[in-house]
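Colleague: I'd like to learn how to read helices, strands and buried positions off a set of coordinates. Could you walk me through a case?

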Amino acid sequence: MRATRLLLIFFGAATLFTAPAFAQQDFSKVEIKTEKLSATTYMMTGEGGNLGLSIGEDAVFVIDDQFAPLTPKINAAIAQLTKKPIKFVLNTHWHFDHTGGNENMGKAGALIVAHENVRRRMSAEGFIEFFGMKTKAEPTVALPVVTFTQDLTFHINGDEVHAYHVANAHTDGDAIVHFKNSDVIHMGDTFFNKLYPFIDTSSGGKVDGVIAAVDQVLKIAGDNTKIIPGHGPLGSKADLKAYRDMLATVSTRIKAQIEDGKKLEDVLAAKPTAEFDDVWGKGFLTPKKWVEMMYSNLKN
Ligand SMILES: [Zn+2]
């Protein structure tokens with residue numbers, strides 16, 4: 001799994017390193033794969049966060065743009081579907097594996113849209129504590145030009161595309177995008193399908209916020225709704241419910257142990273994820289690493 005390779009790079013680094021180090025990574029073997037979800041919506045996967053697209057008679061609308069070196073491949077994949085240029089890029093959050101293509105897209109004339117905290121975090125040097133990773137301030141052309149605090153709607157391609165903010169979930173600037181007429185939802189990194197999720201505590205992320213975001217989506221999703229996760233394969237409402245149950249069960253266990261004054265070693269020894277590891281613990285964060293992350297997030 002590609003996400004695994006990314007995380008191996010994270011955990012393999014002995015010292016601090018910066019996001020631009022990823023620009024030197026070899027992306028030549030990465031293939032962009034397109035999955036059609038409705039008459040006008042698509043999911044694309046490559047390396048980094050999953051893309052969601054609306055393509056039709058009005059505009060090309062893209063959710064997230066992976067890494068800068070992949071922009072030509074993403075553009076080529078889009079060119080298979082339309083001759084139109086990209087008009088809008090919406091970032092689900094500020095992380096570099098979702099916004100790395102912004103500079104290229106912005107230079108090519110796309111209007112970049114995101115929650116205001118995405119622009120704020122991308123405008124200055126940052127630090128992702130769990131990975132010991134520094135990020136640089138992005139150039140103006142890579143920053144969101146249109147920002148919102150709660151929500152906004154795009155009326156394009158015969159669809160009503162509703163983007164709305166969920167408070168303190170994966171980060172403090174997450175947006176979920178609902179293609180209402182296509183019955184498709186892109187959840188950004190508030191949903192990792194079949195992978196233990198990274199929650200960025202140092203960017204204001206909270207486990208309880210992720211669960212609250214998932215609960216909101218479970219209310220608007222139907223049994224046939226296609227749900228694009230930030231990482232992992234395309235999901236359904238049933239997949240999202242399984243994710244919610246896993247997160248709630250494990251966080252309740254760890255919270256109880258924290259309240260009992262248990263140390264991280266005790267929590268790890270109690271194996272609070274045991275019955276979930278087969279499905280969720282094989283591709284991305286290992287069970288041990290994930291319990292460490294959950295413990296430090298819930299303790300704060
Ligand atoms: Zn992320």
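Modeller: Sure, we'll take helices, then sheets, then a single residue. Keep in mind that this is a predicted model.

Colleague: Let's start with H6. How many residues does helix H6 have, and how far does it reach from its first C-alpha to its last?

Modeller: Helix H6 covers residues 207–220, which is 14 residues, and it reaches 21 Å between its end C-alpha atoms. At 1.5 Å a residue you'd expect 20 Å, so the span is close to that.

Colleague: Which residues of H6 are buried?

Modeller: Those are Val207, Gly209, Val210, Ala213, Val214 and Val217. They lie on the same side of H6, because they cover an arc of only 160 degrees around the axis.

Colleague: And why would residues spaced like that point the same way?

Modeller: An α-helix has 3.6 residues a turn, so residues three or four places apart point the same way.

Colleague: What covers the buried residues of H6?

Modeller: The cover includes two strands, E13 (175–179) and E14 (184–186), and two helices, H7 (237–259) and H10 (287–299).

Colleague: Then H7 is worth a look. What are its buried residues, and what do they pack against?

Modeller: In H7 the buried residues are Leu240, Tyr243, Leu247, Val250 and Ile254. They pack against H6, E15, H10 and helix H8 (264–269). The helix has 23 residues and reaches 32 Å, close to the expected 33 Å. Just after H7, glycine 261 takes a positive phi of about 80 degrees.

Colleague: On to sheets. How do strands pair in general?

Modeller: Strands of a sheet pair through backbone hydrogen bonds, either parallel or antiparallel. Here, five strands make an open sheet in the order E11-E12-E13-E14-E15, with mixed pairing. Its edges are strand E11 (151–156) and strand E15 (226–228), each of which pairs on one side only. On average, neighbouring strands of this sheet are turned by 15 degrees against each other, direction ignored.

Colleague: In which sense do E12 and E13 pair, and over how many bridges?

Modeller: Strand E12 (residues 159–165) pairs with E13 in the antiparallel sense, over five bridges. To find one bridge, take histidine 165: its partner in E13 is alanine 175.

Colleague: What joins E2 to E3?

Modeller: A hairpin does, through four residues. Strand E2 (residues 33–36) and strand E3 (residues 41–45) run antiparallel, joined by four bridges. Threonine 34 has methionine 44 in E3 as its bridge partner.

Colleague: Do E5 and E6 run parallel or antiparallel?

Modeller: Parallel: four bridges join strand E5 (residues 60–63) to strand E6 (residues 86–90). Valine 60 stands opposite isoleucine 86 in E6. Together with helix H2 (residues 71–79), E5 and E6 make a right-handed β-α-β unit. E6 also pairs with E7 in the parallel sense, over three bridges, and phenylalanine 88 stands opposite leucine 111 in E7.

Colleague: Last one, a single position. Is alanine 114 buried or exposed?

Modeller: Alanine 114, found in strand E7 (residues 111–115), is buried, because 31 other C-beta atoms lie within 10 Å and the cut-off for buried is 20 or more.

Colleague: Which residues is alanine 114 in contact with, leaving aside its neighbours within four places in sequence?

Modeller: They are Leu90, Asn91, Arg119, Pro144, Thr147, Gly173 and Ala175. As for tyrosine 243, its C-alpha is separated from that of alanine 114 by 25 Å, and the two are 129 residues apart along the chain.

Definitions and conventions. Residues numbered from 1 in each chain as written. Predicted model: local features only at pLDDT ≥ 70, side-chain atom pairs only at ≥ 80, totals over all residues. Buried ≥ 20, exposed ≤ 12 C-beta atoms within 10 Å, placed from the backbone. Arc of directions from axis to C-beta. Contact = placed C-beta atoms within 7 Å. Pairing = 2+ DSSP bridges. Axes fitted to C-alpha atoms, helices over the stretch in contact; angles between N-to-C directions. Right-handed = clockwise from strand over helix to strand, strands pointing away.
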